[in-house]
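Subject: Structure handover

Hello,

I am passing a structure on to you. Please open it before reading the notes underneath.

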Amino acid sequence: MDKTVAIILAGGVGSRLGWETPKQFVKIAGKKVIEHTLDVFETHPLVDEVYVVINPYYYDYFLETILPKYKKITKVLKGGSTRQESSKIGVYAIDDNSVEKVLIHDAVRPLITKDIITNVIKALDVHCAVDVVIPAIDTIVVSDGRTILRIPNRKFLYQGQTPQGFRREVILKAHKLAEDEGFNQATDDCSLVLRYNLCDVHVVSGSVTNVKFTYNVDYYVLDRLFQLRGEYLINENTTKVEIESKLSNLKDKVIVVFGGTSGIGEKIVEIAKHYGARTYAFSRKTGVDVSNPDSIDEALKSVYEKEGTIDYIVNTAGTLKMGSLESREITDIVEEVNINFLGSVFVTKLGLKYIRNGGSIILFGSSSYTRGRMNYSIYSATKAGLVNFVQAVSDEVSDREIKISIIVPERTKTPMRLKNFGKEPDETLLMPETVAYVTLLALVSGVTGLPIHVRKDVEEKILRKIGFITT
């Protein structure tokens with residue numbers, strides 16, 4: 001079988017940042033930058049093996065703390081003093097003659113997408129070298145540092161990204177020729193192929209969000225992009241067998257659901273039971289108020305004493321009260337903040353006392369978290385606050401391998417929405433079952449620190465197609 005190997009270059013020292021920690025090991029959105037990158041390649045069906053070329057000073061650290069999380073990493077190599085040398089180390093390490101395609105990717109491009117990787121791999125069926133590019137937005141000038149020498153036509157200018165892809169024999173020959181020449185100034189691998197005129201380099205489209213973490217400002221850009229992009233757990237390639245396999249992991253798991261007696265929470269409990277989970281539903285109907293920490297603690301303690309463990313905790317409890325800020329009563333505002341924001345804070349804080357290491361906590365936000373909505377400003381603000389809360393806490397609990405994420409569904413057909421907006425056309429609303437399925441997939445997926453999106457035109461459409469949603 002012809003194999004595809006991805007070489008992840010993580011040998012940088014972070015000199016441009018001036019930080020003590022190399023940028024590939026900086027945490028963003030709940031994970032180290034390199035972990036975000038590796039996650040994409042680890043789960044890509046067309047990538048067979050991953051090699052990591054690491055900063056030598058962090059070699060043992062990588063082996064101990066990151067390597068055990070990944071099955072596809074078959075080699076961890078100590079990087080060189082330049083990018084070209086690190087790339088050569090990775091290419092020279094390929095000793096399996098069944099490897100036909102080689103991808104080379106910067107570890108500090110954590111927002112790489114599976115689609116871009118797929119397009120590079122498929123292009124290698126026809127071409128011997130492939131680069132990922134986006135059109136140059138700014139005017140590019142050629143200068144000697146004092147005056148402009150010329151301004152090239154922007155129509156022909158592109159910005160290169162990674163991964164770059166190669167047939168194995170081509171990139172191997174390129175590095176051997178560079179070694180023979182003593183050339184060591186290449187900033188990327190496609191330039192070597194062109195330098196020695198080995199073949200044409202085909203281009204495929206990249207993405208403006210495939211940002212390379214280079215300067216301090218990039219940290220904040222990536223942080224925001226992760227928050228806005230979030231995570232999608234179902235796509236057009238998702239199959240019924242795949243979902244069934246993932247949900248089978250719920251068997252015998254102990255799940256506590258706050259807000260679990262109506263709406264989305266009720267559906268989560270119902271579906272989880274179907275897959276063999278031991279579920280416990282709490283709400284005001286059962287005498288548990290999420291705005292009361294003592295009430296939450298008693299509920300969690302009762303489950304823990306009975307089961308001896310808690311695997312997953314979900315909080316769907318929430319309230320929405322319409323009206324302009326000027327017209328709202330202070331007591332109303334306080335109650336909404338207490339339920340929507342502090343309730344989730346309390347559930348999380350107290351849940352950490354009981355949940356097992358490696359467990360998951362899921363909170364609920366809203367697709368409106370990216371901007372405030374007129375006449376429900378408090379609701380929008382609390383949901384936006386929870387996204388930041390999840391992002392922060394995911395870092396705090398990462399040493400226990402506890403995952404915490406937030407579901408941000410589009411408008412959903414729930415009793416709360418019916419109460420505030422009246423009857424709306426079903427075709428405009430998500431079914432609560434859709435949100436419940438995505439929530440349960442989130443519990444077993446290992447996603448942490450990110451908003452998880454649920455959309456009618458994506459998740460629900462696919463769940464209907466493969467038979468999970470029938471109403």
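The notes below cover two sheets, the cysteines and one pair of helices.

This is a predicted model, in which local features need pLDDT of at least 70 and side-chain atom pairs count only at pLDDT 80 or more, while totals for chains, interfaces and linings use all residues. Residues are numbered from 1 along each chain as its sequence is written, and side-chain values use heavy atoms, with hydrogens and water left out.

Helices (H or I, at least four residues) and strands (E, at least two) are DSSP runs, numbered from the N terminus. Two strands pair if DSSP finds at least two bridges between them.

The seven-stranded sheet

Seven strands make up an open sheet with mixed pairing, in the order β5-β4-β1-β6-β10-β7-β11. At its edges are β5 (73-78) and β11, each of which pairs on one side only. On average, neighbouring strands of this sheet are turned by 25 degrees against each other, direction ignored. Axes here are lines fitted to C-alpha atoms, for helices over the stretch in contact, and angles run from 0 to 180 degrees between N-to-C directions.

Strand β10 (residues 158-167) has seven of its ten residues buried, so β10 is largely enclosed by the rest of the structure. Buried means under 20% relative accessible area, with exposed over 50% and partly exposed in between (1.4 Å probe, protein chains only). Strand β6 (residues 99-106) runs antiparallel to β10 and is joined to it by four bridges; leucine 103 stands opposite glycine 165 in β10. Strand β7 is also antiparallel to β10, with six bridges between them, and alanine 129 stands opposite phenylalanine 166 in β10.

Helix α3 (residues 83-92) lies across β1 (3-10), β4 (49-54), β5, β6 and β10, and runs at about 150 degrees to β1.

The cysteines

The structure holds one disulfide (a pair of cysteine sulfur atoms within 2.5 Å). Cysteine 128 and cysteine 199 form this disulfide, with their sulfur atoms 1.8 Å apart. The pair links distant parts of the chain, 71 residues apart: cysteine 128 is in the loop between α4 (114-123) and β7 (129-135), and cysteine 199 is in the loop between α6 (190-195) and β11 (202-205). Both cysteine 128 and cysteine 199 are buried.

Why is cysteine 190 not bonded to cysteine 199? Cysteine 199 holds the closest cysteine sulfur to that of cysteine 190, but the distance is 8.7 Å, too far for a bond. Cysteine 190 is buried, with a relative accessible area of 3%.

The six-stranded sheet

An open sheet of six strands has parallel pairing and the order β13-β12-β14-β15-β16-β17. The edge positions belong to β13 (278-282) and β17 (451-454); each has a single partner strand, so one side of each is left without a neighbour in the sheet. The average turn between neighbouring strands of this sheet is 20 degrees, direction ignored. Strand β16 (residues 403-409) runs parallel to β17 and is joined to it by four bridges, and proline 409 stands opposite valine 454 in β17.

A helix pair

The axes of helix α14 (residues 432-445) and helix α15 (residues 456-465) come within 10 Å and cross at roughly 95 degrees. That makes α14 roughly perpendicular to α15 (angles of 65 to 115 degrees count as such, under 35 as roughly parallel, over 145 as roughly antiparallel and the rest as oblique). Thr434, Tyr437 and Val438 of α14 make the contact (heavy atoms within 4.5 Å) with Glu459, Glu460 and Leu463 of α15.

Regards
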